[in-house]
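Hi,

Here is the structure I promised to pass on. Have a look at it first, and my notes follow underneath.

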Amino acid sequence: MGDSQVLVASNRGPVSFALADDGTLSMRRGGGGLVSALAGLGGDILWVCAALSDADRAAARRVEDGRLDAYGAGAVRMLDIPAGTFHRAYNAVANSTLWFVHHMLYDSPNTPHFDARSRRDWQSYEAYNAAFADALARDARPGAKVAIQDYHLTLAPGMLRERRPDLKIVHFAHTPWAPPEYYRLLPDDIGREVLEGILGADHAGFHAQRWADAFIDCCAAVLQAKVDPVARTVTHAGRVTRIGVHGLGIDGDSLRARAAEPDVQARKKALREQVGDRRLIVRIDRTELSKNIVRGLAAYRELLAKHPEWHGRVVHLAFAYPSRHDLPEYREYTAAVQRIAAEISDEFGDGTWEPLILQVNDDYPRSLAAYGLADVLLVNPIRDGMNLVAKEGPVLSERGCALVLSREAGAAAEMDDDALMINPFDVSQTAEALNQALLMPPDERAERCARLTAAATTLPPQEWFGAQLAALDGQL
Ligand code: G6P
C-alpha cells in the first residue's frame with residue numbers, strides 16, 4: 001500500500017518526452033481540462049499515466065518506478081507498458097473499437113470485423129488495464145480516492161476493486177456513450193466486460209445526461225442489471241454504482257489571461273493582416289473522424305455557391321491539427337480534408353481573395369488568436385462527449401461570435417438556447433446556419449455570446465473534479 005490520498009489515472013499524462021539523437025530527453029507539458037483541474041487543486045495527488053512513445057518509455061525507465069517527480073513533472077508515475085501491448089490496447093481497441101462504437105463511426109457493411117486477431121488485441125487491452133490497476137493498488141493509501149479517466153481504462157475500476165476493496169473509485173467517460181442497439185456491435189463478452197469494469201467504480205460520471213442515460217440503458221439491456229434512471233443508480237453483482245452528470249466547463253479567467261500573452265497577440269495581428277476586414281468563420285479541431293470536418297467544408301462550399309454576395313467578404317479559417325496518425329482511417333481523413341479544401345480554393349479563389357485558410361500544424365496560441373477574431377464559430381461533430389471548442393470560443397471572442405453547433409455534441413445540452421443548432425449530417429442546413437450566423441445583428445450576437453460564455457464557465461475544471469470527489473463521499 002502506498003501513501004497517496006487522491007490518485008488520477010489516464011492514458012495521456014500531463015507531460016510527454018522527446019529524445020534527441022544524443023540521447024538527451026526533453027519534457028513538454030500538455031494542456032487540457034484535466035491538467036488545469038489538477039494544477040489548481042495542489043496537495044497530495046498522484047497522476048498515473050502510460051508511456052505513449054519510445055521517448056516516454058526511455059524517460060520512465062531512467063527513473064525509479066516511473067516516478068517522473070525527478071524531472072520536475074510533479075507527482076506522476078508513467079507506466080512503461082511494452083510497446084506492442086500499448087499499441088494494441090490504444091490503437092486497436094481504444095481508438096479503433098471503443099471510440100468508434102461510442103461515436104458511431106463504423107461503416108457497418110464492412111466494419112467492425114471481430115476475428116481471432118481482435119482477441120489478441122483485447123488481451124492487450126486487459127493487460128494494459130491491469131498494469132494501471134496494479135500501480136494504483138500499490139500507490140493508494142487505505143481508503144484513498146481514485147479517479148479513472150475515459151474509454152482507455154474501462155476495465156481498471158473493476159480490476160482495482162478486486163485488488164483493493166477499501167478504495168473509493170470514480171470512472172469518468174469523456175466520450176459519448178452508445179445506445180444499446182449500437183453498443184451490441186461489440187462481441188457479447190467484451191460488451192459485458194466493459195460495463196462490468198466501469199461498474200467496479202462507486203461513481204460513474206458523464207458529460208451529459210444523454211450519455212449517462214445510454215450507459216444505464218446498456219447496463220439494463222446487456223447485463224440485465226437493476227437500474228433506476230431517476231435515482232441514477234445501477235445495481236449489479238451485489239454492488240451499487242451511482243451515475244453522475246458533470247459537464248466539464250472552462251476556467252474563463254485563466255483562459256483569458258493566457259490569450260492576453262504576447263505570442264497570442266502577435267498571431268492575432270498576423271491573422272488580421274492576412275484576412276483584412278473580412279468576416280471570419282473559424283473552426284478548430286483535431287483531424288478526427290468524429291469532428292465532421294469534411295461536411296463542414298462542404299457546407300462552406302455550399303454557402304459560397306448559394307450566396308455569391310459573400311464572395312470576397314468572408315474567410316473560413318479551418319485549423320485541423322494532426323491526431324492518431326498510426327490509424328489509416330485518420331491518415332485518409334486528413335487527405336480528404338486537404339482535398340476538399342483545395343477544391344474550394346480552386347473554385348472560388350480569385351487572386352485577390354483567399355476564401356479558405358486550412359492550417360494543419362498544431363499552434364495553440366494561433367488557435368486562441370482565432371477565437372478572439374471569430375465572427376462565427378463552427379462546431380459540427382457527428383457526436384462528441386462535450387466539445388470544449390464550443391466553450392472556449394465564446395469566452396475569448398472579442399466582439400461576440402455566433403456559434404453554429406451540432407445537436408450531437410454534449411455541449412448542446414448547455415448551449416442550445418443561444419447557439420444555432422444543426423444536424424451534423426445535413427450539409428445544406430449547416431450552410432444556411434452559417435449564412436444566418438453571418439447575418440446576425442451585432443447586438444444579438446453579443447447578447448447570445450454573453451449567455452454562451454456564462455454556460456461555458458458554469459463548471460470549470462477544478463469544480464468539475466471536486467464534484468466527482470464529493471460524490472464519492474456521498475455529498476452529491
Ligand atoms: C479525446 C479523449 C481523450 C484523449 C483526446 C486526445 O478527447 O476523450 O481521452 O486524450 O481525445 O486523443 P489522444 O488519442 O491524442 O490522446
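Let me begin with the ligand. A polar side-chain atom of aspartate 150 lies 2.6 Å from an oxygen atom of the ligand; for such polar contacts I took pairs of N or O atoms within 3.5 Å, and within protein one must be able to donate a hydrogen and the other to accept it, with residues adjacent in sequence counting only if both atoms are side-chain atoms. Before I go on: this is a predicted model, so local features need pLDDT of at least 70 and side-chain atom pairs count only at pLDDT 80 or more, while totals for chains, interfaces and linings use all residues. Residues are numbered from 1 along each chain as its sequence is written, and side-chain values use heavy atoms, with hydrogens and water left out.

Two other contacts go to ligand oxygen atoms: an N or O atom in the side chain of tyrosine 90 is 2.4 Å from one, and a polar side-chain atom of arginine 286 is 3.3 Å from one. Taken alone, the ligand exposes 380 Å², and the protein buries 73% of that (Shrake-Rupley areas with a 1.4 Å probe; for residues, only the protein chains shown count as cover). Around the ligand you will find Arg12, Tyr90, Trp99, Asp150, His152, His174, Arg286 and Arg324, where being near takes a heavy atom within 4 Å. That shell divides into four charged, two polar and two nonpolar residues (Asp, Glu, Lys and Arg are charged; Ala, Val, Leu, Ile, Met, Phe, Trp, Tyr, Cys and Pro are nonpolar; the others, Gly among them, are polar).

Now the rings. I count 14 aromatic pairs, taking rings of Phe, Tyr and Trp (its six-membered ring) with centres within 6.5 Å, and calling planes under 30 degrees apart stacked, over 60 edge-to-face and the rest tilted. Tryptophan 99 and tyrosine 151 make a tilted pair, 5.3 Å centre to centre with 55 degrees between the planes. Tryptophan 99 is in helix H3 (residues 83-103) and tyrosine 151 is in the loop between strand S6 (140-149) and helix H5 (156-163), so this pair ties together parts 52 residues apart in sequence. Helices (H or I, at least four residues) and strands (E, at least two) are DSSP runs, numbered from the N terminus. Both tryptophan 99 and tyrosine 151 are buried, meaning under 20% relative accessible area, with exposed over 50% and partly exposed in between (1.4 Å probe, protein chains only).

Tryptophan 177 and phenylalanine 215 have ring centres 5.1 Å apart and planes at 90 degrees, so they are edge-to-face. Here tryptophan 177 sits in the loop between strand S7 (168-173) and helix H6 (180-183), and phenylalanine 215 in helix H8 (residues 209-223), 38 residues apart. Both tryptophan 177 and phenylalanine 215 are buried. Ring pairs also link Phe86, Tyr90, Tyr128 and Phe132 into a cluster.

What sits over the ring of tryptophan 99? The charged end of arginine 324 does, 4.2 Å from the ring centre (the rule: NZ of Lys or CZ of Arg within 6 Å of the centre and within 35 degrees of the ring normal). Arginine 366 lies over the face of phenylalanine 319, 4.6 Å from the ring centre.

Lastly, aspartate 253 in helix H9 (residues 252-259) counts as exposed, at 60% relative accessibility. Its side chain has a 3.3 Å polar contact with that of arginine 256. Aspartate 253 is also 9.2 Å from valine 395, C-alpha to C-alpha, though 142 residues apart in sequence. Valine 395 belongs to the buried residues of H14, a helix (residues 389-396) with eight of its eight residues buried.

Cheers
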